[in-house]
Every structure is written in structure tokens, then in C-alpha cells.
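Trainee: Could we go through this model together? I'd like to ask about the fold piece by piece.

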Amino acid sequence: MGRTLWCFALASESFSFQCAFYDLAGQALGVPAHRLIGAKCRDKVELAYWSPPMSAEVTAAEAEKAVRMGFKVHKLKARSWNIVEIARLITEACGPDFKIRVDPNTNFDDLDTALRLAEELLPYNIEVYEDPFPFEDLSLYRQFREKVEVPVARHLGSPKDIYQNMRADAVDAVNMGGNVDGIRKNAAVAEAGGLPIWVQMFAFGSCVASTFAAHVACTLPNCTMPIDELPHIRIDDLSGGSMNLSDGGITLSDASGLGISLDMDA
């Protein structure tokens with residue numbers, strides 16, 4: 001049992017090890033980390049602002065903060081009882097161009113509820129519905145896609161899962177995590193099916209982790225949606241300003257490794 005738990009813990013830390021190794025290798029070779037991963041498709045990787053379930057008023061205030069920071073998409077851990085009110089207040093505060101990423105964490109439960117909410121959300125700029133239903137019944141996703149105009153996404157973790165969801169006509173986009181090799185394989189399968197993606201490698205990671213995720217994302221041609229990395233929610237990002245986070249995205253330099261340093265005093 002001890003060995004099993006140790007192996008599980010080691011696997012859960014693999015992203016952090018990869019982050020360190022790519023930074024060290026890039027510095028040793030004098031190249032940016034992304035050059036060790038793949039061809040760079042973009043210089044800037046956009047991030048999605050993010051909020052947990054909160055009251056409509058508090059969430060709208062967070063959205064106003066997001067707009068001031070240059071974000072274009074706000075990911076919401078949405079709940080059926082107040083998502084419509086939240087979308088209304090956000091739109092009033094931030095304008096019709098500000099996008100809302102609706103992630104119910106499967107809590108829309110059934111097709112009738114999801115369709116009712118989608119109808120009520122029609123006046124607002126919904127970017128995507130992510131994981132509206134429990135995962136077991138892909139026919140719910142297919143039926144929902146047939147009846148709504150907004151893209152439907154799943155958070156998927158393997159090429160097999162992505163392929164099965166594409167075959168079931170269950171998705172328009174994919175949110176994916178994993179290590180570098182896993183994400184690149186997943187992204188390739190999605191790209192073959194014509195699906196855009198975004199990545200969520202660390203989510204609540206540090207400035208170092210978020211920059212590494214951006215290095216990975218910038219090499220994926222179909223990673224065209226803002227990624228779920230949240231360095232912006234902290235009082236201090238610990239990079240001393242070396243992480244180039246502005247206008248809702250991370251701009252990557254061609255400096256060696258990750259191209260950032262730590263503010264040790266912070």
C-alpha cells in the first residue's frame with residue numbers, strides 16, 4: 001500500500017517535475033522551453049478569468065475586475081439557480097462582447113433543465129457550455145448540441161475519450177489536462193476531428209506553472225480558446241514582474257527556459 005500511494009503521489013507531481021526539467025533544459029541549451037516542445041503557433045496565450053459559485057452580485061463585481069485587467073472570457077462554476085441572473089448582471093456591467101464560459105460541473109443534471117437554461121441564456125454572450133451533464137450518457141450531450149447554438153465542451157483526458165465523444169457527436173470543443181506528451185496527443189486527436197481546445201494543466205499553479213502551461217499551449221495549433229490557468233488571482237505572482245501577464249494573457253519571450261525568475265523576497 002505504501003508503495004502504491006508513493007507512486008500515485010509521484011504521478012500527481014509529474015507536471016511540476018516537467019516544468020522544472022523544461023526550464024533547466026532550456027536554460028542549459030539557451031532556447032525557450034516551447035522550442036523543446038514544438039513549433040510556436042502564437043506569441044501570446046490568452047487566459048480565462050475564473051470564479052467559483054458565488055452570489056450574482058459578487059460574481060458581476062469580479063467580472064468588472066476581469067474586464068479592467070483585459071480579460072475577454074470569464075469562466076463560471078455555474079449553478080442552475082442563479083446562472084441566468086449572473087449572466088444578466090455581468091452583461092450589464094461588462095457589455096455584450098464579454099464572453100461567459102459556463103461550467104456547471106455536470107450540475108444541470110437533465111436535458112430539460114439544460115435546454116430551459118440555454119433558452120434563458122440566449123440574450124447573453126455564452127462562449128461554451130462545459131460539462132453540463134453527468135458523463136455516462138453521451139446521448140445527452142448529442143441531444144443538447146442538436147438543440148442549442150452555443151458550443152458544448154467536455155473536460156477529457158485521453159485520446160480514446162476524445163475519439164469516443166467525437167464519434168458520439170457529443171462535443172464541439174475539448175478542455176484537456178495532462179503532461180506534455182499526453183496533451184500533445186490529445187490535442188492532435190481533437191485537431192484531426194476539427195475541434196478547438198483549451199488546456200488546464202495546473203489551474204491554481206504559481207506564475208512558474210502558468211508560464212509553463214503557456215509554453216505548452218503556444219505549440220498547439222488548435223488551442224485557440226483561453227486556457228484555465230489562474231496566476232492572476234493572487235496578491236503577488238512571485239515573479240517580480242518577469243511573467244508578462246497583461247490584457248488577459250501571457251506573452252512569451254524567446255529567453256532561455258521559461259523566461260521568468262522568482263522574486264525571493266515575495
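Mentor: Sure, and a definition comes before anything else: helices (H or I, at least four residues) and strands (E, at least two) are DSSP runs, numbered from the N terminus. Keep in mind that this is a predicted model, where local features need pLDDT of at least 70, side-chain atom pairs count only at pLDDT 80 or more, and totals for chains, interfaces and linings use all residues. Residues are numbered from 1 along each chain as its sequence is written, and side-chain values use heavy atoms, with hydrogens and water left out.

Trainee: Where is N105, the non-glycine residue with a positive phi?

Mentor: Most residues other than glycine have a negative phi. N105 has a phi near 55 degrees. At 31% relative accessibility, N105 is partly exposed (buried is under 20% relative accessible area, exposed over 50%, partly exposed in between; 1.4 Å probe, protein chains only). Its place is in the loop between β4 and α5 (111-120).

Trainee: And D131, is that one buried or exposed?

Mentor: D131 is in the loop between β5 (126-130) and α6 (138-147). Its phi is positive too, near 50 degrees. With a relative accessible area of 5%, D131 is buried.

Trainee: Which strands stand at the edges of the sheet?

Mentor: The sheet is open and parallel, its seven strands ordered β2-β3-β4-β5-β6-β7-β8; a pair needs at least two bridges found by DSSP. Two of the strands have a single partner each, so one side of each lacks a neighbour in the sheet. Those edge strands are β2 (49-51) and β8 (197-199).

Trainee: What does the twist average from one strand to the next?

Mentor: Angles here run from 0 to 180 degrees between N-to-C directions, with axes as lines fitted to C-alpha atoms, for helices over the stretch in contact. From one strand to the next, the twist averages 25 degrees.

Trainee: Which residue in β3 does Y49 stand opposite?

Mentor: β2 and β3 (residues 73-77) run parallel and are joined by three bridges. Across from Y49 in β3 stands H74.

Trainee: What angle does helix α4 make with β3?

Mentor: Helix α4 (residues 83-94) packs on the sheet and touches both β3 and β4 (99-103), where contact means heavy atoms within 4.5 Å. Its direction makes an angle with that of β3 of about 160 degrees.

Trainee: How do α2 and α9 pack, roughly parallel or roughly perpendicular?

Mentor: Helix α2 (residues 14-29) and helix α9 (residues 207-217) have axes 10 Å apart and meet at about 75 degrees. F15, Q18, C19 and Y22 of α2 make the contact with V208, A209 and F212 of α9. Angles under 35 degrees count as roughly parallel, over 145 as roughly antiparallel, 65 to 115 as roughly perpendicular and the rest as oblique, so this pair is roughly perpendicular.

Trainee: Which residues is A217 in contact with, beyond its neighbours within four places in sequence?

Mentor: A217 lies in helix α9 and is buried, at 0% relative accessible area. From K40 it is 177 residues away in sequence and 8.8 Å away in space, C-alpha to C-alpha. Its contacts are R42, V45, V199, C223 and I227.

Trainee: Zooming out, what share of the residues is buried?

Mentor: The protein has nine helices and 10 strands. Along its principal axes, the C-alpha trace spans about 55 × 40 × 40 Å. Of the 266 residues, the buried share is 49%.
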